Amino acid sequence: MAIFAGLLTFVSTLLALALRHLLRLLRSRAPDPAAAAGFFHPYTNDGGGGERVLWCAVRAVQDLCPDLPCAVFTGDADASPDGLAARALDRFGVRLLRPPQVVYLNKRKWIEASTYPRFTMIGQSLGSVYLAWEALNKFTPQFYFDTSGYAFTYPLAWLFGCKVLCYTHYPTISSDMAERVKQRKSMYNNNSLISGSIWLSRCKVLYYTIFSWLYGLVGSCAHLVMVNSSWTRSHIVNIWKVPERTKRVYPPCDTSALQMLPLERSTTPPVLISVAQFRPEKVCQLTIATKSVTRSYSSLTKVALPFCSLLSSGSWSSVGGICTCS
């Protein structure tokens, strides 16, 4: 087994060196990019923290380089320069100095999870390369800024002569994910069919190993890497192996409205509120389990969770977009 692992490492190193040489050769023939900052953010109406990072990044570039044009690559057909600027202000309180240019993308379906029922990670990753190809052929900026976590687009942007910058909220793959598969735990990224079979689990571990190597290879093409936490940084440094280019930049959370709330106020009965996007990786079952534990130690009688249409048990009810469990 040790001989096989050593051989795999040797072959992968040779492939990486050959690929880097090929990329340098191709890059030398690429045309000069335009003096502009291009933000690769295919979904500009998701309303999450990633979109806030996008607009704060655009504003920061406008402040630092007032003469540098900013363009946003988006798959939203209804997006317009003035509309995006208005959304940044109304939704996130970020006032842009001027509206960004908009580069419309028609191939966004290739990065949607629904397009790949199986092998979703590699499917979306390769699909992002196709989408970035469309983007960079329409407009090639001097600075390519990825704010959505599509690391497989970095070698392509590098080939087009761009300086590649990124803000990574969460690694596409982490050692935690691979460890769960090794331990054959059934979770959001490892269904019971695979966890129940030792051979399927071994095949998935191999798939994760190869994908992790590819993820590290493409991620290392970034000239500057920004991450949102110490946890993310440790995983990115472990996989991409560019610690000198990896900087921790905490997300620009707007807490001004929360600061207006008094620290002490009476609530009868006490209410525990969990606010988050309802995604499988959030493991919201733990919140429900927490309620059963806290009831044993306090007078807590209600737990409020973000609305989730997937939970339709009779014990759940929707009130103004919030699910309550009594």
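These legends go with close-up views of a predicted model.

**View 1. A sheet of seven strands, all laid out side by side.**
Here 7 strands make up an open sheet, and the order across it is S3-S2-S1-S4-S5-S6-S7. The pairing is parallel. In general, strands of a sheet pair through backbone hydrogen bonds, and the pairing can be parallel or antiparallel. Look at the two edges next: strand S3 (101-104) and strand S7 (246-248) each have a single partner strand, so one side of each is left without a neighbour in the sheet. Going from one strand to the next, the twist averages 20°.

**View 2. Strand S4 and its two partners, S1 and S5.**
Zoom in on S4, and you find S1 and S5 beside it in the strand order. Strand S1 (residues 34-40) runs parallel to strand S4 (residues 141-146), and 5 bridges join them. On the other pairing, S4 and strand S5 (residues 163-168) are also parallel, this time over 4 bridges. A handy residue to find is Asp146: Phe40 stands opposite Asp146 in S4, while Cys166 in S5 is the bridge partner of Asp146. To get from S4 to S5, the chain passes through helix H5 (residues 154-159), making a right-handed β-α-β crossover. Another pair to spot is Tyr144, which stands opposite Val164 in S5.

**View 3. Ala34 in strand S1.**
Is Ala34 buried or exposed, or something in between? Ala34 has a relative accessibility of 32%, so Ala34 counts as partly exposed. Setting aside neighbours within four places in sequence, Ala34 is in contact with Phe139, Thr140, Pro141 and Gln142. Try finding Phe143 too: Ala34 and Phe143 are 109 residues apart in sequence, yet their C-alpha atoms are 8.8 Å apart in space.

**View 4. Gln62 in helix H2.**
Helix H2 covers residues 49-64, and Gln62 is found in it. With a relative accessible area of 1%, Gln62 is buried, because buried means under 20%. Which residues does Gln62 touch, leaving aside those within four places in sequence? The contacts are with Cys70, Leu96, Leu97 and Arg98.

**View 5. An aromatic cluster with Tyr215 and Trp240 in it.**
The model has 13 aromatic pairs. One of them is Tyr207 with Tyr208, a tilted pair at 5.7 Å centre to centre with 45° between the planes. Both Tyr207 and Tyr208 are buried. Then there is Tyr215 with Trp240, an edge-to-face pair at 5.5 Å centre to centre with 65° between the planes. This pair links distant parts of the chain: Tyr215 sits in helix H8 (residues 198-219) and Trp240 in helix H9 (residues 230-240), 25 residues apart. Tyr215 has 2% relative accessibility, so Tyr215 counts as buried. Trp240, also at 2% relative accessibility, counts as buried too. Together, Phe152, Tyr154, Phe211, Tyr215 and Trp240 form one aromatic cluster.

**View 6. The stretch that UniProt lists as a "transmembrane region".**
In an unreviewed entry, UniProt lists residues 205-226 under this label. What does the model show for residues 205-226? The span is 68% helix and 14% strand, and its end C-alpha atoms lie 28 Å apart.

Terms used: Residues numbered from 1 in each chain as written. Predicted model: local features only at pLDDT ≥ 70, side-chain atom pairs only at ≥ 80, totals over all residues. Heavy atoms only, no water. UniProt positions renumbered as here; feature names shortened; annotations may be inferred. Pairing = 2+ DSSP bridges. Right-handed = clockwise from strand over helix to strand, strands pointing away. Axes fitted to C-alpha atoms, helices over the stretch in contact; angles between N-to-C directions. Buried < 20%, exposed > 50% of the residue type's maximum accessible area, 1.4 Å probe, protein only. Contact = heavy atoms within 4.5 Å. Phe/Tyr/Trp six-rings, centres within 6.5 Å; stacked < 30°, edge-to-face > 60°.
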